[in-house]
Amino acid sequence: MADFPKEGMVLSGDVAVGREPVPGDPVAGVDRIHLEARLFKLGDTYHMDGALDADLTLSCCRCLEPFRFHEQIPVRHALQPAGRELGPEAFAYEGESFDLGAMVRELVEVNLPMKPLCSEACTGLCPMCGANRNRTPCHCRPEAEGPMAEVLKKLTKGE
Ligand SMILES: [Zn+2]
Ligand SMILES: [Zn+2]
């Protein structure tokens, strides 16, 4: 970032976020994250203004199936020298380098849906037989009459 052009510069390209999926993580895969932004400098602070286009594979919180998810995330952030108190929405840069991947990863993570759904109408997994009810409608009865209820009945009768 030493010879930064006065007129700023355009950032346009795919960003590698180096993100490994972890168990229980709603992100099953990162397909592509594209950044289009302008970067300009005021004093020792850089300002990034643009947007991220994130193509991800998420796991549905109801049926656990992976599904494609696209999100556009506005990027309006200041990059300040590390070691100073950061303003709101600001990221730190150290010396001449800035970890763009880490910033993008954080922005994608904070913008993930709280409860990712493959579709609003997803019927999820059957709590009794575990079937994906989107694909295999099962004939389990509602809770009170299922096998568990039978077991409970027997237990309370002392059989
Ligand atoms: Zn689902
Ligand atoms: Zn079932």
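What share of the contacts in the chain with a separation of 6 or more comes from residues 24 or more positions apart? The answer is 51%, where two residues count as in contact if their C-beta atoms, placed from the backbone, lie within 7 Å.

Before you start clicking, note that this is a predicted model, in which local features need pLDDT of at least 70, side-chain atom pairs count only at pLDDT 80 or more, and totals for chains, interfaces and linings use all residues. Residues are numbered from 1 along each chain as its sequence is written, while chains are lettered from A and ligands numbered from 1 in the order in which they are written.

**Stop 1: the whole chain.** Switch to a cartoon view and you should find two helices and five strands. These are DSSP runs numbered from the N terminus: H or I of at least four residues for helices, E of at least two for strands. Along the sequence they follow the pattern β-β-β-β-β-α-α. Colour by burial next: 14% of the 159 residues are buried. Here, buried means that 20 or more other C-beta atoms lie within 10 Å of the residue's own, with C-beta atoms placed from the backbone; 12 or fewer is exposed, and in between is partly exposed.

**Stop 2: the sheet.** Select the five strands, which form an open sheet in the order β1-β2-β3-β4-β5 with mixed pairing. Two strands pair if DSSP finds at least two bridges between them. At the edges sit β1 (9–14) and β5 (90–93), each pairing on one side only.

**Stop 3: the β1 edge.** Zoom in on β1, where none of the six residues is buried. Six bridges join β1 to β2 (residues 27–42), and the two run antiparallel. Two pairs to label here are leucine 11 opposite alanine 37 and glycine 13 opposite leucine 35.

**Stop 4: the hairpin.** Follow β2 into β3 (residues 45–59). The two strands form a hairpin with two residues between them, and glycine 43 in the turn has a positive phi of about 60°. β2 and β3 run antiparallel and are joined by 14 bridges; leucine 39 stands opposite methionine 48. On the next step across, 14 bridges also join β3 to β4 (residues 66–81), again antiparallel. Show leucine 52 there, and you will find isoleucine 73 of β4 opposite.

**Stop 5: the core.** Now show Ile33, Leu56 and Val104 as sticks. They have the most contacts inside the largest nonpolar core, which has 17 residues; such a core is a set of buried Ala, Val, Leu, Ile, Met, Phe, Trp, Tyr and Cys residues joined through C-beta atoms within 7 Å. β2, β3, β4 and α1 (100–110) each supply at least two of its residues, and β3 gives the most, with six. Centre on leucine 56: leaving aside neighbours within four places in sequence, its contacts are Val27, Gly29, Val30, Asp31 and Phe69.

**Stop 6: helix α1.** Finish by selecting Met103, Val104 and Val108, which are buried in α1. Look down the axis: they cover an arc of only 130°, which puts them on the same side of α1. That arc is taken from the directions from the helix axis to the C-beta atoms. The buried residues of α1 pack against β2, β3, β4 and β5.
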